[in-house]
Amino acid sequence: MEKNEHPASIAYAVGFLLLLLCNVSAQIRYSITEEVKKGTVVGNIAKDLGLDTNSLKERGCRIVPGSTESLFQVNQHDGLLYVKEIIDREAVCERTIPCLINLKTVLENPLEIHYVVVEVLDVNDHSPSFSEKEARLEVSESSQPGLRIQLQAARDSDVGQFTVQEYKLSHNDHFRLEIKDRGKDGKIPVLNLLRPLDRETKASHRLLLTAIDGGKPPRSGSVQIQIIVNVLDVNDNYPVFTKDSYSVMLSENSPIGTTVLQVNATDLDEGSNGEVIYSFANHVNEQIRKVFEVDANKGFIIVKDVIDFETDDSYEIDIQASDRGSATLKTDKSVLVKIVDLNDNAPEIEVTSFSTALPEDSRIGTTVALISVSDKDSGLNGKVVCSMTAGLPFTIMPSSQENMYSVVTKSTLDREKRSQYDLTIMAKDTGEPALTADRKISVLISDVNDNHPEFIFSKYDFYISENNVAGAPMFSVKAVDSDEGSNALVSYRILKPEGDINKLASFLNINPENGEILALKSFDFEVEKTFQFKVCASDSGTPSLSSNATVNVFILDQNDNAPVILYPTSTNGSAEGVEDIPRNVNAGHLVSKVRAYDADIGYNGWLLFSIQQITDHSLFGLDRYTGRIRTLRSFTETDEAQHKLVILVKDNGNVSLSATATVIVKLVEPKEAISASDVKSAAADIGDSGVTFYLMITLASVSTLFLISIIVLIAMQCSKTTDVSSKYLPETNYDGTLCHSIQYRSGEKRYMLVGPRMSIGSTIVPGSNGNTLVVPDRRSTSAEVRTIKYLIVRFFCLFCSQQQH
């Protein structure tokens with residue numbers, strides 16, 4: 001590397017936004033080619049910035065002195081920017097791309113700062129060059145094809161496409177040219193041996209290497225170097241490095257004499273032909289030779305000069321291992337030395353503009369000052385984080401321009417509380433250990449009149465249980481006023497609802513001094529579940545300032561409703577019913593189903609069923625969730641004919657409420673269960689017709705055997721029937737508890753209160769207050785079967801009547 005590279009942050013710096021006392025600066029950019037004549041116009045600053053040319057001289061338009069101020073000049077009469085000196089891009093930016101010159105233009109009275117960026121474009125004004133006109137190489141005749149010999153690279157001070165782009169080698173039968181791209185070091189020619197050399201046939205080879213730059217057409221042309229390859233005899237083994245590659249990390253500022261690493265090579269030859277010495281390769285540039293040195297005997301690479309990461313972050317050093325034979329054999333090996341950046345440069349802070357006084361009613365985001373920071377380090381060591389004094393109504397914000405910050409207001413200002421702020425701007429890099437810098441500025445606050453009372457929350461959500469004590473405090477709201485004295489004395493009142501909306505707000509009262517809210521009545525969840533009202537907070541200033549807050553009140557359910565038995569119910573309203581079932585039913589037969597309702601919701605309305613009293617625990621079972629009563633086994637002749645079951649229905653509230661229902665189960669003979677209703681109907685028909693009565697007496701006397709057969713058939717039919725009477729309730733999907741649900745939202749939360757619901761297909765009888773359930777009849781008995789049963793039963797009833805008479 002022939003020239004030091006500037007840090008990337010300097011090479012790519014451009015103009016930035018500047019605000020000062022409401023005057024807005026601007027940024028413009030021009031480009032010129034290098035080596036233009038003195039007096040060449042770069043651009044019209046006044047026109048591009050929209051400045052009045054008549055006032056340029058009066059306002060003192062000038063370029064702020066800096067590192068490059070001597071290259072340009074601004075005309076105060078017409079605002080034109082001229083080239084003051086001939087610019088050599090290579091002298092200004094070396095090999096940096098793009099080449100940018102930052103100018104700071106200042107107009108005083110009033111003060112304005114504008115940034116102008118001038119990009120200097122490269123021209124192909126340098127020719128490629130070799131350090132020597134002739135290069136001599138010595139190659140043993142025993143060298144195998146594929147030998148690669150790195151040649152001296154040509155240098156070109158231009159950059160980009162104008163630097164060396166191509167090498168050409170004169171035609172020959174033994175060598176081929178390869179190009180190795182070394183990044184920032186450019187392209188390196190490598191000589192590749194195609195076939196073995198024969199010293200007896202030809203002792204030397206003369207090659208012509210041509211370097212061509214990328215100009216179109218090449219302005220500086222090309223350059224040639226003569227390469228003389230001498231073929232040596234006898235010493236036919238090259239030194240071989242013990243590693244394929246070498247790489248090492250080296251900290252910057254390492255002391256002179258520090259050993260970077262040791263390379264090692266061996267030679268299979270004997271004597272002087274196998275004795276290896278180390279040196280830099282011929283093409284290693286002077287910059288590397290200035291910083292490092294090589295121990296010829298041991299292969300140590302040693303620090304010779306100051307190592308600065310900001311100058312170069314890595315070095316690729318080509319080490320040459322040579323034997324001491326009469327025809328020296330040499331092998332090159334590349335050693336990559338990566339420089340580790342140390343945090344050895346502290347950040348620098350510059351306040352580019354500053355407003356000393358701000359009105360206290362300044363909007364949030366008002367710019368107070370513009371800050372620029374810089375750090376000569378790189379990477380994390382050069383990354384600067386800017387901050388400022390905490391706890392103040394100001395904050396520091398990064399701008400779109402790198403390393404540029406603005407100090408802005410982040411909250412409203414109040415001169416009555418504080419009339420002056422002392423700000424400390426702190427810049428800290430992210431290196432280890434971190435280096436810091438600080439800068440102090442003072443801001444004065446000018447007075448205006450403001451400040452409203454403000455609630456702690458703009459919306460309040462409160463939850464209260466129903467059956468609250470009337471007149472007792474429920475909750476409170478709070479507002480604060482940042483003013484002082486009477487202006488900060490806050491009083492509270494409830495805003496009157498409009499029309500019938502939020503009528504429950506009229507039953508509320510608020511303490512005007514502390515915002516404590518109490519209810520003048522007890523709330524009932526079953527009547528009202530939520531309501532809303534607004535509270536106004538006013539200060540005592542003149543004129544009074546106020547603000548409002550919305551209060552949402554959600555009433556929570558309590559277990560204040562006992563379960564209500566819907567079935568069974570008797571004619572006098574008591575929860576008692578009678579169920580007749582045949583003795584021949586099997587286990588699992590549905591006897592009855594207890595139905596209940598609870599006006600509460602959630603667990604308070606969730607009902608469970610249990611047997612409180614029963615005559616025989618082995619006969620009947622109860623489903624605790626649905627209220628279904630089923631037989632546990634078949635009945636025997638020894639079982640009682642009547643059983644009493646007392647069913648307890650209770651909810652799941654913290655203090656459980658309950659109700660009981662009584663079910664009387666009567667066991668009847670199968671024939672009685674079948675004809676219980678039809679017998680009465682048949683008997684009425686007999687009473688109406690005397691003729692039929694005497695006729696049946698005659699028939700009964702003559703046809704006794706026939707009637708016995710009919711009775712047997714009836715018994716067989718009854719044993720096959722399960723659904724024998726309209727008195728028994730059919731199986732339904734009703735689970736025993738009527739439920740419903742209520743959903744509402746509070747802020748980001750959504751609540752669902754689950755309570756008693758109605759089963760599908762049920763209806764509420766008008767006037768029953770929702771407590772009477774009518775279950776539709778879902779029986780599906782065939783009309784033909786009923787007709788046959790009716791005829792047989794009617795005949796049987798006539799026969800029974802005859803026997804009674």
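1. A good place to begin reading this predicted model is a pair of residues facing each other across two strands: Val-649 stands opposite Ala-659, which belongs to strand 51. The strands concerned, strand 50 and strand 51 (residues 658-668), are paired in the antiparallel sense over 9 bridges, and together they form a hairpin in which 6 residues lie between the two strands.

2. Strand 50 has a partner in strand 47 as well, and it is worth tracing that pairing in the structure. Strand 47 (residues 607-614) and strand 50 run antiparallel and are joined over 7 bridges, and one position to look for is Gln-613, whose bridge partner in strand 50 is Val-646. Is strand 50 mostly buried or mostly exposed? Of the 10 residues in strand 50 (residues 642-651), 7 are buried, so the strand is largely enclosed by the rest of the structure. When you look at the side chains here, keep in mind that in a regular strand they alternate between the two faces of the sheet.

3. A separate point concerns an open sheet of 3 strands, whose order is 45-49-48 and whose pairing is antiparallel. The edges of this sheet are strand 45 (590-593) and strand 48 (620-622), each of which pairs on one side only. On average, and with direction ignored, neighbouring strands in the sheet are turned by 20° against each other. Strand 45 pairs with strand 49 (residues 628-631) over 3 bridges in the antiparallel sense, and within that pairing Leu-590 has Arg-630 of strand 49 as its bridge partner.

4. The next point is the largest nonpolar core, which has 28 residues, and in which Val-260, Phe-292, Ile-317 and Val-337 are the residues with the most contacts inside the core. Several elements supply at least two residues each, among them strand 18 (246-251), strand 19 (259-262), helix 4 (286-291), strand 24 (314-323) and strand 25 (330-340). Which strand gives the most to this core? That is strand 24, with 4 residues.

5. Val-337 deserves a closer look, since it shows how residues from distant parts of the sequence meet in one place. If its neighbours within four places in sequence are left aside, Val-337 is in contact with Val-248, Leu-250, Val-260, Phe-292, Ser-314, Tyr-315 and Ile-317.

6. Arg-324 is found in the loop between strand 24 and strand 25, two strands that each supply at least two residues of the core described above. Its relative accessibility is 38%, and Arg-324 therefore counts as partly exposed, a class that lies between the limits of 20% for buried and 50% for exposed. Although Arg-324 and Val-276 are 48 residues apart along the chain, their C-alpha atoms are separated by 6.6 Å. Apart from residues up to four places away in sequence, Arg-324 touches Ser-272, Asn-273, Glu-275, Ile-277 and Asn-297, and with Glu-275 there is a polar contact between the two side chains, at 2.8 Å.

7. Ser-406 offers a contrast in accessibility, and its place is in strand 31 (residues 404-409). Ser-406 has a relative accessibility of 13% and so counts as buried, the limit for that class being under 20%. Leaving out residues up to four places away in sequence, Ser-406 touches Thr-367, Ala-369, Leu-370, Thr-395, Ile-396 and Met-397.

8. Some backbone features should be checked with care, because most residues other than glycine have a negative phi, and most peptide bonds are trans. Asn-253, which is not a glycine, has a positive phi of about 65°; this residue sits in the loop between strand 18 and strand 19 and is partly exposed, at 39% relative accessibility. Asn-467 likewise has a positive phi, near 65°, and is found in the loop between strand 35 (459-465) and strand 36 (473-476), where Asn-467 is partly exposed with a relative accessible area of 38%.

9. Where are the cis peptide bonds before Pro-433 and Pro-568 to be found? The bond from Glu-432 to Pro-433 is cis, with omega near 0°, and Pro-433 lies in the loop between strand 32 (420-429) and strand 33 (436-446). The bond from Tyr-567 to Pro-568 is also cis, with omega near 5°, and Pro-568 lies in the loop that runs between strand 43 (564-567) and strand 44 (576-582).

Technical notes: Residues numbered from 1 in each chain as written. Predicted model: local features only at pLDDT ≥ 70, side-chain atom pairs only at ≥ 80, totals over all residues. Heavy atoms only, no water. Core = buried A, V, L, I, M, F, W, Y, C linked by side-chain atoms within 4.5 Å. Buried < 20%, exposed > 50% of the residue type's maximum accessible area, 1.4 Å probe, protein only. Contact = heavy atoms within 4.5 Å. Pairing = 2+ DSSP bridges. Axes fitted to C-alpha atoms, helices over the stretch in contact; angles between N-to-C directions. Polar contact = N/O pair within 3.5 Å; in protein donor to acceptor, adjacent residues only side chain to side chain.
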